[in-house]
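Student: Could you take me through one part of this model up close? I'd like to see how the inside is put together, with a quick look at the surface on the way.

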Amino acid sequence: MRWNAEGRREVPRLVQAGVGTAPDKVEGIWLVTGARGGVAQAIAAWLANRGASALVLVSRQRPEPPAGVTVPVHCHAGDAADADFIAG
């Protein structure tokens with residue numbers, strides 16, 4: 001909340017953002033965090049099916065690769081917010 005120049009209270013409002021379209025093809029190696037959850041597993045499979053060359057899955061507990069994925073999948077247990085873990 002803030003006050004404008006006329007002394008009236010203004011409250012920021014959320015507005016709906018436009019909906020983008022998903023790409024038909026992706027490239028390269030993709031990092032997916034929170035990878036033990038169903039949404040992350042679905043995103044990993046989606047990336048693999050659209051051209052990702054490899055996937056790196058990270059979760060606080062070691063995730064399993066999504067079923068049916070044919071690209072290399074590297075699964076790691078760790079905290080994605082930990083800079084030392086990500087660096088090394």
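**From a surface patch to the core**

Tutor: Let's start outside: Met1, Trp3 and Val11 make a nonpolar surface patch of about 370 Å². Keep in mind that this is a predicted model. Met1 sits in the segment before strand E1 (2–3), and Met1 counts as exposed because its relative accessible area is 63%, where exposed means over 50%.

Now head inside. The largest nonpolar core has 14 residues, and those touching the most other members are Val32, Leu47, Leu55, Leu57 and Val69. Two elements, helix H1 (38–49) and strand E4 (54–59), each give two or more residues to this core. H1 is the top contributor, giving five residues.

Strand E4 is worth a closer look. Five of its six residues are buried, that is, under 20% relative accessible area, so E4 is largely enclosed by the rest of the structure. As for its partner, strand E3 (residues 29–33) runs parallel to E4, and five bridges join the two. Within that pairing, Val32 stands opposite Leu57 in E4. Both Val32 and Leu57 are on that list of core residues touching the most other members.

Val69 is on the list too. Leaving aside residues up to four places away in sequence, Val69 touches Ala45, Ala48 and Leu55. Leu55, like Val69, is among the core residues that touch the most other members.

Notes. Residues are numbered from 1 along each chain as its sequence is written. This is a predicted model: local features need pLDDT of at least 70, side-chain atom pairs count only at pLDDT 80 or more; totals for chains, interfaces and linings use all residues. Side-chain values use heavy atoms; hydrogens and water are left out. Patches are made of residues with over 30% relative accessible area and no salt bridge: like charges are joined within 9 Å, nonpolar side chains (Val, Leu, Ile, Met, Phe, Trp, Tyr) within 5 Å. Accessible areas come from the Shrake-Rupley method with a 1.4 Å probe; for residues, only the protein chains shown count as cover. A salt bridge is a side-chain nitrogen of Lys or Arg within 4 Å of a carboxyl oxygen of Asp or Glu. Helices (H or I, at least four residues) and strands (E, at least two) are DSSP runs, numbered from the N terminus. Buried means under 20% relative accessible area, exposed over 50%, partly exposed in between (1.4 Å probe, protein chains only). A nonpolar core is a set of buried Ala, Val, Leu, Ile, Met, Phe, Trp, Tyr and Cys residues joined through side-chain atoms within 4.5 Å. Contact means heavy atoms within 4.5 Å. Two strands pair if DSSP finds at least two bridges between them.
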